[in-house]
Amino acid sequence: MRVLRDKVRAATARSKTERPVSAVVADLNPVLRGWAAYFRNVNSGRKFNAVDGYVVHRATAHASR
């Protein structure tokens, strides 16, 4: 979880606010898909919800800047 959060944080950092949201989403999609594919076989519904909330929060904050 920490590594995934670090990657999301790096992609939505304040220093990258000049990038369009579509570019940020394009960078995050492979990371999130890979994480989901790796962990989909275990009981991880709460972790998926936590990651979803975190990504939505960071992406919304990035888009509002």
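**Helix packing and the contacts of Arg-65**

Apart from neighbours within four places in sequence, Arg-65 is in contact with Thr-12, Ala-13, Arg-14 and Thr-17. The model is predicted. Arg-65 sits in the segment after H3. Its relative accessible area is 42%, so Arg-65 counts as partly exposed. Glu-18 is 47 residues away from Arg-65 in sequence, yet the two C-alpha atoms are 8.8 Å apart.

Glu-18 belongs to the loop between H1 and H2. This residue is exposed, because its relative accessibility is 60%. A second pairing involves Glu-18 and His-62. These residues are 44 apart along the chain, and 9.6 Å separates their C-alpha atoms.

His-62 is part of helix H3. With a relative accessibility of 3%, His-62 counts as buried, because the cut-off for a buried residue is under 20%. Its contacts, leaving aside neighbours within four places in sequence, are Thr-12, Ala-13, Lys-16, Thr-17, Arg-19, Val-21 and Val-24. Thr-12, Ala-13 and Thr-17 are also among the contacts of Arg-65. Of the His-62 partners, Val-21 and Val-24 also appear on the H2 side of the contact between H2 and H3. His-62 itself appears on the H3 side.

The packing of H2 (residues 21–39) was examined next. Two packed helices are described by the angle between their axes and the distance between the axes. The axes of H2 and H3 (residues 45–64) come within 12 Å and cross at roughly 175°. H2 is therefore roughly antiparallel to H3, since angles over 145 degrees fall in that class. From H2, the contact draws on Val-21, Val-24, Leu-32, Trp-35, Ala-36 and Phe-39. H3 contributes Lys-47, Phe-48, Val-51, Val-55, His-62 and Ala-63. By class, these residues comprise 10 nonpolar, one polar and one charged.

H1 packs on H2 at an angle of about 175°, and the two axes are 10 Å apart. H1 and H2 are therefore roughly antiparallel to each other. On the H1 side, the contact is made by Leu-4, Lys-7, Val-8 and Ala-11. On the H2 side, the residues are Val-24, Leu-28, Val-31, Leu-32 and Trp-35. Eight of the residues in this contact are nonpolar, none is polar and one is charged. Val-24, Leu-32 and Trp-35 of H2 take part here, and these residues also meet H3.

Burial was then considered along H2. Val-24, Leu-28 and Trp-35 are buried in this helix. The buried residues of H2 pack against both H1 (2–11) and H3. Gly-34 lies in H2 as well. Gly-34 is partly exposed, because its relative accessible area is 39%. Between Gly-34 and Arg-58 there are 19 Å in space, C-alpha to C-alpha, for a separation of 24 residues in sequence.

The geometry of H2 itself was also computed. H2 bends by about 30° at Leu-28. A proline, Pro-30, follows within four residues. Leu-28 is buried and takes part in the contact with H1. The length of H2 agrees with expectation: at 1.5 Å a residue, its 19 residues should span 27 Å, and the end C-alpha atoms are 26 Å apart.

How values were computed. Residues are numbered from 1 along each chain as its sequence is written. This is a predicted model: local features need pLDDT of at least 70, side-chain atom pairs count only at pLDDT 80 or more; totals for chains, interfaces and linings use all residues. Side-chain values use heavy atoms; hydrogens and water are left out. Axes are lines fitted to C-alpha atoms, for helices over the stretch in contact, and angles run from 0 to 180 degrees between N-to-C directions. Helices (H or I, at least four residues) and strands (E, at least two) are DSSP runs, numbered from the N terminus. Angles under 35 degrees count as roughly parallel, over 145 as roughly antiparallel, 65 to 115 as roughly perpendicular and the rest as oblique. Contact means heavy atoms within 4.5 Å. Ala, Val, Leu, Ile, Met, Phe, Trp, Tyr, Cys and Pro count as nonpolar, Asp, Glu, Lys and Arg as charged, and the others, Gly among them, as polar. The expected span of a helix is 1.5 Å times one less than its number of residues. The bend at a residue is the angle between axes fitted to the seven residues ending there and the seven starting there. Buried means under 20% relative accessible area, exposed over 50%, partly exposed in between (1.4 Å probe, protein chains only).
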